[in-house]
Structure formats: structure tokens, C-alpha cells
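Open your viewer and get ready to click through a protein one selection at a time. At each stop, you will hear what to select and what is there.

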Amino acid sequence: MRLTKSFYERNAVLVARELPGKRLVRCLNGERLSGTIVECEAYRQDDTACHAHRGMTQRNAVMFGPPGQTYVYFVYGMHFLLNIVAEQKGHAAAVLIRAIEPREGIETMQKLRGGGKVGKLLTGGPARLTQALAIDKSLNGTNLMDSDVLWVEENEATIADTDIACGPRIGIGYAAEPDLLAPWRFWVRGNPCVSR
DNA sequence: CGCCAGATCCACT
DNA sequence: GTGGATCTGGCGG
């Protein structure tokens, strides 16, 4: 069953805490590629690590829109990163998906990644998973509640609260001290696909 | 192993 | 013009 708007419209930190264990599904040429979300991070409007903290721009506009849409952006000249917009329209917030554990379509993901990669090297890392799932800027603004190419659904197995760990976010050295230290990264304790 | 630079584009200043 | 919510391969210890 797909996650609904009521899941995404809450505080991004709460959404990020509950996304690990859910299943990210990408339908590519009729094939289901999917994996369990095992690592993600929350970003909020008044957060110096967040792209939206200086206000709306062409790039981050979707973060200011309604929840449950994707925010896909390009960094470092070669990587796409996948976020899910959270909170209500007008409150810019999103959750960066940092790692998944592959479930379906693993061979296709390996081809998309250039072959031979397994475990953490296949889908552990925000740019690795987008490459494995063929997610690029053309999917920016996708509505996860009604898209037929990308969505998030419940998994058959859930993760116990005690197996969710949290800590500071990765790669935000430019942020101010309190934001740098905020424990807004959540991951499945001990999962081999977590990026680090 | 770990460290570090290069890759390579585009939105924002 | 600058630098980034990253990854990879090459080099040195």
C-alpha cells in the first residue's frame, strides 16, 4: 500500500524517522525496481543546511509546494539526489533518501551502475541509489501518491523503533553549528547498505 | 587499507 | 566565477 499525503505532511524530522523500513519503488520499462529505505535525512526551512533556507529559487521551488512530491537536484557536476517533500505547502522541507537495500530488479540496478556492484556499493549512498534506479532531473516534482513510475509503499516487514539510529547529517560542513549537530539523519542500525 | 584529487555541470552570487 | 546534501580510482604507507 502506498504512503498517503497524511504521512508526508508532518514535520520532516518525524517523516525521516519513519521512512526507514518503507519500500521505494521505481517502475522502469514495466519492471519493478525496489528497495527498502535504510538511511535518510531531514531538511527544514530555517535550517542552514537546507537549500531553501535563503528562500525560494528555481531549483528548490518544489520544496515549497505540497508534500509527497520529489525534489531531485544535481550536484558535483555528475550526481542526482532524491528528496521527498514534507510538511504543508509554504513550509519548505524535505527528506533526502541516502540509501536503500535492494529488493526487486537487482540485475537491472547492477547494469545501471556499471556492473559488478553489490551491497553498499550498489545502492548505499544518495547518488548511488539514484543511478541504480535511473532517477534524474526529469523526475523532479513527481507526485508519489499518483505516479506510475515512482512511489513509496509499506513493506511487509517493519523495523522496530530500537533498530533506528540517529545522528548528525552528512556532507553539510557549510551549515551553522546547531544545524551541523542536529541529529536529523536516521538509519537502520547495522544494515549493510547504510552509506556509513 | 586510508587519503585525496578529479570528474564535470549548473544554480546562485 | 564559485562551489556543492558525492563517488571513484590512484597512489602512498
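## Stop one: the neighbours of V95

Select V95 and show everything in contact with it: leaving out residues up to four places away in sequence, V95 touches A12, V15, A16, L19, C40, E41, A42, L82, N83 and I84. Keep in mind as you look around that this model is predicted.

## Stop two: the nonpolar cores

Now widen the view. Which residues touch the most other members of the largest nonpolar core? Try selecting L19, L24, L82, V95, I97, L133 and V152, which hold that place among the core's 34 residues. To see where the core comes from, colour helix 1 (5-8), helix 2 (12-18), strand 1 (23-28), strand 2, strand 4 (79-85), strand 5 (93-104), helix 5 (126-132) and strand 6; each of them supplies at least two residues. In soluble globular proteins, nonpolar side chains tend to be buried together.

Next, pick A49, C50, M63 and L96. They are among the 18 residues of a second, separate core.

## Stop three: charged pairs

Time to switch from nonpolar side chains to charged ones. Side chains of opposite charge can pair when their charged atoms come close. How many salt bridges are there in this model? The count is twelve, and you can visit three of them here.

Select E153 and R32. Their closest N and O atoms are 2.9 Å apart, in a salt bridge. This pair links distant parts of the chain, with E153 in strand 6 (residues 150-153) and R32 in strand 2 (residues 31-44), 121 residues apart. E153 counts as buried because its relative accessibility is 14%, under the 20% cut-off. R32, at 30%, is partly exposed.

Move on to E39 and R185, another salt bridge, where the closest N and O atoms lie 2.8 Å apart. Here E39 in strand 2 is linked to R185 in strand 8 (residues 185-188), 146 residues away along the chain. Are these two buried or exposed? E39 is buried, with 0% relative accessibility, and R185 is buried too, at 6%.

For the third pair, select R169 and D47, whose side chains meet in a salt bridge at 2.7 Å, N to O. Both sit in loops: R169 between strand 7 (164-167) and helix 6 (177-181), D47 between strand 2 and strand 3 (70-75), with 122 residues separating the pair. R169 and D47 are both buried.

## Last stop: a network

Finish by selecting R23, R32, E104, E153 and E156 together. Salt bridges with shared partners join these residues into one network.

Note on methods:
Residues numbered from 1 in each chain as written. Chains lettered and ligands numbered in written order. Predicted model: local features only at pLDDT ≥ 70, side-chain atom pairs only at ≥ 80, totals over all residues. Heavy atoms only, no water. Salt bridge = Lys/Arg side-chain N within 4 Å of Asp/Glu carboxyl O. Helix = DSSP H or I, 4+ residues; strand = E, 2+ residues; numbered from the N terminus. Buried < 20%, exposed > 50% of the residue type's maximum accessible area, 1.4 Å probe, protein only. Core = buried A, V, L, I, M, F, W, Y, C linked by side-chain atoms within 4.5 Å. Contact = heavy atoms within 4.5 Å.
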